[in-house]
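Work through the exercises below with the structure open. Try each task before reading its solution.

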Amino acid sequence: MIRKVYPAKDLCSHCGLCDTRYITYVKESCAFLHQHVAELEEKTHGRSRNLLSEDELYFGVFKKMLVARKRQPIAGAQWTGIVSSLAIAMLESGLVEGVVCVQSSKRDRFSPQPVIAKTREEVLSARVNKPTLSPNLSVLDAVERSGMKKLLFIGVGCQVEALRSVQDRIGLEKLYVLGTPCVDNVTRAGLQKFLETTSSSPETVVYYEFMQDFRVHFKHDDSVINGPGRKWEEIVPFFALDTKELKDVFAPSCLSCFDYVNSLADIVVGYMGAPFGWQWLVARNDAGLEMLEIARKFCDLEETPVASRGDRRNAVQQSITAYDRALTLPRWIAEFLAVIIDRIGPKGLEYARFSIDSHFTRNYLYVRRRHPEKLETHVPEYAKRIVAQYRLPEN
Ligand code: FAD
Ligand code: SF4
């Protein structure tokens, strides 16, 4: 049942929980009404993160972190398709009976359609990001009705926090959670504004990503071909984004989120701690290590250790002021800056810390200004420590 108003009101990320009978537990489960990451880390991983370890402060509890890519990427996947191929391997090896993932609606490639996939084809149809808020938990009633006992859930941090809060009530014997990092998500209307403001051909975009080279990469469909058989790639430097126009585009839930790295998943597959073209894997607990071994066995991975280079701090401090004043640079200066920062700027884990610092400081200011009454309880201790490294505007 789709509601007009959700309990978290403007902060609701439409994770789907409240479209199910589990709405009964919303007060203690919703990431925006009752932030309880540390408590759930303890329950899920056996301990909460060590705030004195810089890696755990930033990336959460983990047992193994590495960089990998599929030797033969899946065509049309967001990166190389590790998420889709791991899900297929788990399904086909009988470890799980179904996979909660999100396909596109038939009318619109960017409107999310959560499903319980039971075949390789259904998992593959969910590949690539739907860069819009997605109610993945809305299928929980159907999971319960199906009598399924072993499930893989693919999702982002706010969905996973709510799922972890109700998981003991779903009747599952085994739940695996494959998370992705997530930031700056938008409603479908917000996405339209972002595409129209940023891309020169908004109606043909099939994919985009904010990448480690400080540029947004858009891929377009076959109607815009740049050379024989090649999909057109359009590249826009971060510093050329129209910050003034885009300030209100991101969903309020994402402007007040402090779980960028999906702290409660068993394994996380992203890109931001990896070199360009590679993916970043964080196995947080024994279930995550088990999933990593399956990926190694069945997903044809090439691996390399994580690395870190550079110092992000000055760039973050400058980005706070630039974002706050909504500064946008002329295109040629933005392009020049992207080249320089890409050459000498933060790389690997330091790039991931750059991205976390920039988003946490921005979001801390957002919550302080829009919801000051929530600041103390909504911002987790690890995020307060990260934000405290920087000078923020007084008001
Ligand atoms: P694929 O094999 O293409 O599979 C993608 C999977 O994502 C599918 O199974 C699908 O079910 C799921 N999915 C798609 N859209 C959504 C959605 N809206 N909500 C929940 N699940 C969804 N990684 C970073 O390192 N840094 C970031 O800043 C970052 N931002 C992201 C923002 C969003 C909105 C999303 C959805 C993901 C983000 N990621 C980020 C993760 C990254 O873009 C890739 O999704 C991840 O590396 C997996 O790539 P893949 O090729 O293995 O995935
Ligand atoms: Fe309900 Fe999820 Fe919205 Fe919270 S974020 S109010 S749990 S739908």
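The model is predicted.

**Exercise 1. Place His45 and decide whether it is buried or exposed.**

Solution.
- Step 1: locate the residue. His45 lies in helix H2, which spans residues 37–45.
- Step 2: take the relative accessible area. For His45 the value is 13%.
- Step 3: apply the cut-off. Buried means under 20%. His45 is therefore buried.

**Exercise 2. Find what His45 touches beyond its neighbours within four places in sequence.**

Solution.
- Step 1: list the contacts. They are Leu40, Val61, Ser263, Leu264, Ala265, Arg284 and Asn285.
- Step 2: look for a polar contact. The side chains of His45 and Asn285 make one, at 3.1 Å.

**Exercise 3. Describe how H2 packs on helix H7 (residues 157–166).**

Solution.
- Step 1: recall what is needed. Two packed helices are described by the angle and the distance between their axes.
- Step 2: read off both values. The axes of H2 and H7 cross at roughly 60° and come within 11 Å.
- Step 3: classify the angle. Roughly perpendicular starts at 65 degrees, and roughly parallel ends under 35. H2 and H7 are therefore oblique to each other.
- Step 4: assign the hand. H2 and H7 make a left-handed crossing.
- Step 5: name the residues. H2 supplies Val37, Leu40, Lys43 and Thr44, while H7 supplies Glu161, Arg164 and Ser165.
- Step 6: sort them by class. The contact of H2 with H7 has three charged, two polar and two nonpolar residues.

**Exercise 4. Do the same for helix H12 (residues 313–324) and helix H14 (residues 349–370).**

Solution.
- Step 1: read off the geometry. The axes of H12 and H14 are 9 Å apart, at an angle of about 40°.
- Step 2: classify. That angle makes H12 oblique to H14.
- Step 3: assign the hand. H12 crosses H14 in a right-handed sense.
- Step 4: name the residues. From H12 come Ala315, Val316, Ser319, Ile320, Tyr323 and Asp324. They meet Phe354, Asp357, Ser358, Thr361, Arg362, Leu365 and Arg369 in H14.
- Step 5: sort by class. Six nonpolar, four charged and three polar residues make up the contact of H12 with H14.

**Exercise 5. How many residues of helix H4 (residues 82–92) are buried, and what follows the helix?**

Solution.
- Step 1: count. Ten of the eleven residues in H4 are buried, so the helix counts as mostly covered.
- Step 2: name some. Among them are Ile82, Val83, Leu86, Ile88 and Met90.
- Step 3: move past the helix end. Gly94 follows H4, with a positive phi near 80°.

Key. Residues are numbered from 1 along each chain as its sequence is written. Chains are lettered from A and ligands numbered from 1 in the order in which they are written. This is a predicted model: local features need pLDDT of at least 70, side-chain atom pairs count only at pLDDT 80 or more; totals for chains, interfaces and linings use all residues. Side-chain values use heavy atoms; hydrogens and water are left out. Axes are lines fitted to C-alpha atoms, for helices over the stretch in contact, and angles run from 0 to 180 degrees between N-to-C directions. Helices (H or I, at least four residues) and strands (E, at least two) are DSSP runs, numbered from the N terminus. Angles under 35 degrees count as roughly parallel, over 145 as roughly antiparallel, 65 to 115 as roughly perpendicular and the rest as oblique. A crossing is left-handed if the near helix is turned anticlockwise from the far one by less than a right angle, and right-handed if clockwise. Contact means heavy atoms within 4.5 Å. Ala, Val, Leu, Ile, Met, Phe, Trp, Tyr, Cys and Pro count as nonpolar, Asp, Glu, Lys and Arg as charged, and the others, Gly among them, as polar. Buried means under 20% relative accessible area, exposed over 50%, partly exposed in between (1.4 Å probe, protein chains only). A polar contact is a pair of N or O atoms within 3.5 Å; within protein, one must be able to donate a hydrogen and the other to accept it, and residues adjacent in sequence count only if both atoms are side-chain atoms.
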